[in-house]
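Biologist: I am new to this structure. Please take a close look at one part of it for me: the salt bridges. Which side chains pair, and where do they sit?

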Amino acid sequence: MCVQKSKSKSLSSLIPVACRPRNSCAMSPSLSPRRGLFRLWLLTLGLLVLAASGSRESQLRIGKAINIFLRYGYLGISMRVIPLNDSAESERWIFKEPTRNIYKNMSELSESQEYTAPGIFHGDFHMEFCENRRQLFQAYFRDFTIERLDKPWEAFTGGWFPDNAAKKLGINTSFIVGDYSYVLVRVVRFRETGKLNSEIPVNQPLESEVQARVQQVQVGNVSSAVRFMESFGTHYVNSYTTGNSLYQVFVYSRKNYKMIKERIKSKGLNGLSKLDLYNYFAPWFAEHLGQIRSASANATVERWARRKLQYEYYVVKYVTLLKLHGNSTLLRSLDSLLGNDAILQLDLKAVNVVFRDHPQKQSWFHEVLDNNMKLWELNLPLNHPSR
């Protein structure tokens, strides 16, 4: 289960709801057996590592197209979504992934909004209950969707080894590889959103280079479809939200996890006393309390959290994100610290929409894209800690 997100000033009204992990869709018969498509996967891999033709830029903008295969499993390298490493970076960035325009005049179809009103914390506080580490990874990337990809979180986590996964999540490596359950607690501050107002019109003009390459795609020719992806991308940005967040992972034994999950499910988070709430998320009930981390690895806000979010119970002191729950004073202080430094939500749509005037080509491109996404999901990573 998880707690439903709610935007509020005090973050005190939290509504518990049932929450199940996304179902992993079974591979379609056309993709079996696995060996039969291995050559196709190798061909795709070879083509995708070639240098991209034409000029590229790197902007998180509505309608911009990217190629998810270039860094599948490692998208966090080029998108600021979770701490990248432990070293301080002098350059501030949110998005470095190469992008291309596929349609003209996309700004006329999109809208954006900034959340800057003083005195209001534009964000939410939520927790998600995760039976295992696979669900923990999924929970962190709950608001990231990639059309036609069954498990979009693996586009970011597929390359994680246990040690760097633990560092990103702020917990010890032993609690990633062991038999544990987790609760992810997170407070999010929204700064900017962008989205398409509607579906892309049929008569929306394509960029001239894209139009020319559409003509070159041949039904039945895998290479022509893959070269189009390599040149102009596989998906375009349909919506995004940027800002920053603080999060903390609590690690539990199976027994204690089941107990706390059933208690909160039956009574609701607001139905628990403050003492009960802190008790369930205390070091004597949880196996391990993770560090409080910032999505952007902002050292200043992480230091603030270690200093301001300490909780003392008799002689025991520990840091807990729950201290923010309903505390308007702390939230006002935190509001200015959580800047526009990370991607919080991203929705990517497949670019096969550019083939709408050519139904057979659209169907063929769709098939090649689907097959390759399934193959990347099957073949990467070799050492995923959740498998």
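**Contacts and salt bridges**

Modeller: Start with the contacts across the protein. Among those with a separation of 6 or more, 82% join residues 24 or more positions apart. Keep in mind that this model is predicted. It contains 12 helices and 14 strands. The protein has 387 residues, and 55% of them are buried. Its accessible surface is about 17,400 Å². Carbon and sulfur atoms hold 49% of that surface.

Now the salt bridges. Side chains of opposite charge can pair when their charged atoms come close. The count here is 14 salt bridges. Three of them follow, including their partners and places.

Take aspartate 341 and arginine 92. Their side chains form a salt bridge, at 2.1 Å from N to O. The two residues are 249 residues apart, so this pair links distant parts of the chain. Aspartate 341 sits in the loop between helix H11 (328-335) and strand E14 (342-350). Arginine 92 sits in the loop between strand E3 (64-66) and strand E4 (100-101). Are these partners buried or exposed? Aspartate 341 has a relative accessible area of 10%, so it counts as buried, the limit being under 20%. Arginine 92 has 67%, so it counts as exposed, the limit being over 50%.

Next come glutamate 154 and arginine 134. This is also a salt bridge, with the closest N and O atoms 3.7 Å apart. Glutamate 154 belongs to helix H3 (residues 154-157). Arginine 134 belongs to helix H2 (residues 133-140). The pair therefore ties together parts that are 20 residues apart in sequence. Glutamate 154 is buried, because its relative accessibility is 1%. Arginine 134 is partly exposed, because its relative accessible area is 22%.

Then look at arginine 263 and aspartate 276. Their side chains meet in a salt bridge, 3.7 Å from N to O. Arginine 263 lies in helix H8 (residues 254-267). Aspartate 276 lies in helix H9 (residues 274-280). The two are 13 residues apart, and the pair links distant parts of the chain. How accessible are these two residues? Arginine 263 is partly exposed, with a relative accessible area of 28%. Aspartate 276 is partly exposed as well, at 25% relative accessibility.

Put the places side by side. Aspartate 341 and arginine 92 both sit in loops. Glutamate 154 and arginine 134 join helix H3 to helix H2. Arginine 263 and aspartate 276 join helix H8 to helix H9.

Definitions and conventions: Residues are numbered from 1 along each chain as its sequence is written. This is a predicted model: local features need pLDDT of at least 70, side-chain atom pairs count only at pLDDT 80 or more; totals for chains, interfaces and linings use all residues. Side-chain values use heavy atoms; hydrogens and water are left out. A salt bridge is a side-chain nitrogen of Lys or Arg within 4 Å of a carboxyl oxygen of Asp or Glu. Helices (H or I, at least four residues) and strands (E, at least two) are DSSP runs, numbered from the N terminus. Buried means under 20% relative accessible area, exposed over 50%, partly exposed in between (1.4 Å probe, protein chains only). Contact means heavy atoms within 4.5 Å. Accessible areas come from the Shrake-Rupley method with a 1.4 Å probe; for residues, only the protein chains shown count as cover.
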